[in-house]
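Visitor: Could you pick one part of this protein and give me a close look at it? I would love to hear how any closed-off space inside is built.

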Amino acid sequence: MASDSKHLDTLLQHTGIAEFDPATGAAPVGLPPVRTSTVRFQDLAALDEAERRKAAGERVVAYGRMGLDTHVALEDVFKHLERGTHCYLAPSGLSAITLAFMSLLSAGEHALVADNVYGPVHALDQAVLGRLGIEITYFAPNHDDIDALVRPNTRLLYVESPGSLLFEMLDIPALAAKARQHGLVLASDNTWGSGYIYQPLALGAQVSVVAGTKYVGGHSDLMLGAVVTNDEALARRINKTQYAMGYSVSADDAWLALRGVRTLPLRMAQHARNALQVCEFLATRPEVARLYHPALPSDPGHALWRRDCSGSNGMMAVALRLPAAQARVFVDSLRLFSIGYSWGGFESLVQLVSLQTLAGHRYWQGDSPAVVRLHIGLESPQDLIDDLRQALDRAGAA
């Protein structure tokens, strides 16, 4: 049976496939999307049993908002990816982050948040958490003394590894040891690794947050988030919060994510190969001041990447020795890279990163006038390299 396999590649192909019809002995390969708002019960005894199990903390379907077979299958996929025991779906990556913060913090409590996290976390802090009396302190995980930052009311250590925008690798086992020392929950945004190439729970984190919008879906056609944990007490808190906040995920989006995850091993590996070829080319260009890509041997986080990761992906950032105006010419001259904020799909993307945003990242040294973030897609790497070459040439001549 596939469930007995220890190999993630096998589990991703066999989790959530349709069961055989007992009457016909036949079944489709993929589990169809099960859409409903109302769940019917055969009799009151069945309803009573469902309510009893729900009160005991079990994941029991009593209303369509919690999802049916398609959602359960996707939850199982995330549990396999992240090596967790409980998964809770959310309608976007940011909503999954919100679910984690709202589950793990209460009014009057304090959290330490890495300064390299996904930018909208700051918006969540300013618009919601601060208004609820939850205080956030941003810190540089590879520089600051966590012992000196912990307060009596600190409850959460929230990080992202590799960090957003510049892909700074963090020492999750060391952070987990600090969290245990101070009685904190360590939660990590694992969208970069998406469970397949990086597993924070296995490294000591208690909660992993993933934007399934990115590599899990893989086709830029869905919005999805997940919160995964291997801690029973935390699972009960997340479960109650998810229910109370009314989160719901479309059955069609869950089905698309299930479809996408079947090719995750192949896509992720090809993204990684393409990205390294692009890095090798960019390293030869005089316009390039620095490359940010942990799988690259020259990256400061490469040793941590080799120790903790089983692969890489298509994400990278490039610091350019170009004034702002020329950097804009470079971005606008690209033909195969679309300008966009997201990533993880099949297509290549480019984003001109705001230096004002980077100023809040201690990892950023401020030693170049422009930074672009690239997502290297599944196009021919030679075509992507040719595109980057002509765009750099245009920028240089501007």
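Guide: Let's begin with a word we need: strands are DSSP runs of type E with at least two residues, numbered from the N terminus. What you see is a predicted model, in which local features need pLDDT of at least 70 and side-chain atom pairs count only at pLDDT 80 or more, while totals for chains, interfaces and linings use all residues. Residues are numbered from 1 along each chain as its sequence is written, and side-chain values use heavy atoms, with hydrogens and water left out.

Searching the whole structure turns up two cavities of 30 Å³ or more (sets of points on a 1 Å grid over the protein atoms alone, where a 1.4 Å probe fits but cannot get out). The largest holds about 70 Å³ of space, but let's stay with the second largest, at about 40 Å³ (the space filled by probe spheres set on the points).

Who lines this second space (with an atom within 4 Å of a point)? Its lining consists of Met 315, Gly 340, Ser 342, Trp 343, Leu 349, Val 350, Gln 351, Arg 373, Leu 374 and His 375. Two strands, S11 (349–352) and S12 (370–375), each bring at least two residues to that wall.

Now follow S11 and S12 outward. They belong to an open sheet of five strands, ordered S8-S9-S12-S11-S10, whose pairing is mixed (two strands pair if DSSP finds at least two bridges between them). At the edges sit S8 (288–292) and S10 (338–339), each pairing on one side only. S8 is joined to S9 (315–320) by four bridges in the antiparallel sense; Leu 291, for example, has Val 318 of S9 as its bridge partner. Met 315, which S9 includes, also belongs to the lining of our cavity.

Next, look at Ser 342 and Trp 343, which also line the cavity. Both are touched by Lys 214, whose contacts (heavy atoms within 4.5 Å) also include Thr 191 and Gly 344, leaving aside residues up to four places away in sequence. Lys 214 sits in the loop between strand S6 (207–211) and strand S7 (225–229). It counts as buried because its relative accessibility is 12% (buried means under 20% with a 1.4 Å probe, protein chains only).

An unreviewed UniProt entry marks Lys 214 as "modified residue: N6-(pyridoxal phosphate)lysine"; such annotations may be inferred rather than shown by experiment. So our tour ends at Lys 214, in contact with Ser 342 and Trp 343, two residues of the cavity lining.

Note on methods. 1 Å grid on protein atoms, 1.4 Å probe; cavity = no way out; pocket = protein on both sides within 12 Å on 5 of 7 lines; lining within 4 Å. Buried < 20%, exposed > 50% of the residue type's maximum accessible area, 1.4 Å probe, protein only.
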